[in-house]
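Student: I should like to learn how charged side chains are read in a structural model. Could we begin with the general idea and then turn to the case at hand?

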Amino acid sequence: MIEDRWYKNAIIYSLSLDSYLDSNGDGVGDFAGLLDRVDYLQGLGVSAIWLMPFHPSPRRDHGYDVADYYGVDPRYGTLGDFVEFTQACRQRGIRVMMDLVLNHTSTDHPWFKAAITDKECKYRDFYIWAKERPANADRGMIFPGVQETTWTWNRHAQAYYFHKFYDFQPDLNLANPEVRAELLKIVGFWLELGISGFRVDAVPFLIAEDGINVKDPEPAFEFLRRLREFAQWRKGDAVFLAEANIPPQDCQRYFGKAGDRLQMMFNFPVNQTLFYALASADTMPLREKLKASRDVPATAQWAHFLRNHDELDIGRLPDNQREAVFAAFGPEEDMQLYERGIRRRLAPMLGGNRAKLELAYSLMLTMPGTPVIRYGDEIGMGEDLSLPEREAARTPMQWSAEKNAGFTANDDPVRPVIDHGPYGYRKVNVAMQRASESSFLRWTERILRMRKELTEIGHGSFSILDTEGHILAMRYAHEGRISVFTHNVSDRKVEFSIDVHDGEAAGRALVCLQTNRTISPDEDGSFDLVLEPYGYRWFRLGGLEDMIAEDGPAADVPQRSAD
C-alpha cells in the first residue's frame, strides 16, 4: 500500500465546536453552525479541521471526560449532522480530524458504571483498581493544586481506582486486550463516517507504567503500531497526531524506528523555546531543539503551533528561561496556571503588536513540519481572565459586531463573549477584518497560501544558517527547490550576511517572496540582508537570469501595512 502523506503539507485548524457558531439559538456552537462556516475555512486556506471532543459527556473537563465514544453530544447535533459536515469538507478538499481520548473515560461512562456495580463483569478489568490505597497516591498529579491524588476510593466498588487526571476521569487499563480491541473498534467507526485523522490525547500516559499496570511499557508502544496499522488498513490516508510533551530524543519510540507507529507529534520543546526567543531575543535554545528534532523516520512529521486549547506549557524550560517567558507574556498571577503555564491568547500575550504577531506566525509557519492554528488567532482574538483556568482562552468566536459577536442569538452563551477592551468583539471580528485589505485576517490568508506553495518545508531537509543569536535563518531543500527563511526576534534593525549555497546552488540568486526583489550573491557567495525590528523575509533560491528588480537589501519594501 502506498501511503498518502497529505499531512506533510497541510494547514491544520483547531476549534472547539461549542465556541464556534450556534445555529439554533441555544447558546452552544454546533455542527450546523460549523457547516455554515466551511467556506470561510476554505477561503482561509485550511487543509484540515481538528475538532475538540464532541462526544456525549458531563463536560466537567471540556468534553475530555467521554461518556459515549460512538455518539455526538445532543447539544452539537446528531450523527447525521456530523456526516453532513464531513461530506461538505470532502467536497472542498478539507479533511477532518478529531480528538481521540484513549487514556480515560468519564465516571458516567457505562463501562465504569458497570465496573463499580459488578466485580465479576468484564468491564471491571477495563479500569485499574487497588484494594489498599497505594503509597504513591499523592504523587504524579497532572493538575497540582487542583488534584489531591491519583487514586480515589469508590464506595460501590469497595476499591481505589487509578486516574492520572481528575477523579471523574478513571484511566483505562490498556493491558487488557479487550480494551485495546474496543479502542480499535472506535477508530474504525469514525473512519467510516469521514474522519481522516485523530489527535491522540495524553499519549505518554498510555504507555506509563501505572497506566497499563506492567513494568515493561513496550506492549503499549506496540499498541501504537497496531493503531496505525488498523487505521491505514481501513483508510489508507488516516493519520494520528500525538499530544506528548516530551524531549525530541524521546519521541523515536512514538514514531517507531521504522516509522510504523504514530505519524505526527506536537513539538512542545520547539514551541516553548520559540516563546523564549520572542521573550529574550535569543534564538540559541530554539536552534538546539530544532536540531534535536531532525532524526525522525521519513513518514514522521512534527506539528508546530503557537497556542492551543490548553495553557502555554513552559514547564520544561530551565528556571531562568521560564521566568523570562512569564515576565514577558504572563507577568500577573491570574495569567498563570499550575506554576508552569500561561492561560492567555496569542495577541494579548504579544501586546497586540502587529509586527510581533506576524513574526510569531512566520516563525511557526516555517518550522520543519505542519502548522496548527487555533480558532480566533487568525483575527487576533483576546482572552477573558475572569473565567476559570483554561476557559480564559476558549471564548466564542467573534464573527461580527452584532449581538454576542454574531456567535449566538441567545442571551446566555456557553461562555461570555469578550465585549470590552481592545479585544472586544466590536473591535476585533471577522466581518470587519474581511473588509480591510490590511487586516490581520487578510494577511493570514495570504501567508497561509504562500506557505502551502512551499512544499519543501513539510517534505524537505533543513539546516540552520550561521548568524547572530537574535537572527534565525533556516534553509530547506527538496527535489531541487531551495528556500531560505530569516527572522529578527530583536527590537532593532539588523544587517547581516548569510551563506545559503552548496555546490549545486552556487551562483543562484535569492528572490524575496514578500517584496518580489531579487538579490545577487556577493563575490564570496554570501548575501547581505537587512531586517527591521521583528522583521522576517521568505526567499526562494532562483537563477541570476530570473532577476526582476535591481539588486539590493530585501527590507526596502514594507512587509506589513498599518491596520
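Tutor: A salt bridge is counted when a side-chain nitrogen of Lys or Arg lies within 4 Å of a carboxyl oxygen of Asp or Glu. The model shown is predicted, and it holds 32 salt bridges. In one of them, the side chains of Lys122 and Glu178 meet at 3.8 Å, N to O. This pair links distant parts of the chain, 56 residues apart: Lys122 sits in the loop between helix H4 and strand E4, and Glu178 in helix H5.

Student: Which salt bridge joins residues that both lie in helix H8?

Tutor: Arg226 and Glu229 form that bridge, with their closest N and O atoms 3.1 Å apart. The two residues are 3 residues apart in helix H8, about one turn of the helix.

Student: Is Arg394 buried or exposed?

Tutor: Buried means under 20% relative accessible area. Arg394 counts as buried because its relative accessibility is 3%. Its side chain meets that of Glu391 in a salt bridge at 3.1 Å, N to O. Both residues belong to a network of salt bridges that also includes Asp18, Arg59 and Asp310.

Student: What kind of surface patch do Glu495 and Asp499 help to form?

Tutor: Patches are made of residues with over 30% relative accessible area and no salt bridge. Here the patch is negative, and Asp522, Glu523, Asp524 and Asp528 complete it. Asp499 lies in the loop between strand E18 and strand E19, and is partly exposed, with a relative accessible area of 47%.

Definitions and conventions:
Residues numbered from 1 in each chain as written. Predicted model: local features only at pLDDT ≥ 70, side-chain atom pairs only at ≥ 80, totals over all residues. Heavy atoms only, no water. Patch = residues over 30% accessible without salt bridge, like charges linked within 9 Å, V, L, I, M, F, W, Y side chains within 5 Å. Areas by Shrake-Rupley, 256 points an atom, 1.4 Å probe, with all protein chains shown as cover. Lys, Arg positive; Asp, Glu negative; His and termini not counted. Charge placed at Lys NZ, Arg CZ, Asp CG, Glu CD. Helix = DSSP H or I, 4+ residues; strand = E, 2+ residues; numbered from the N terminus. Buried < 20%, exposed > 50% of the residue type's maximum accessible area, 1.4 Å probe, protein only.
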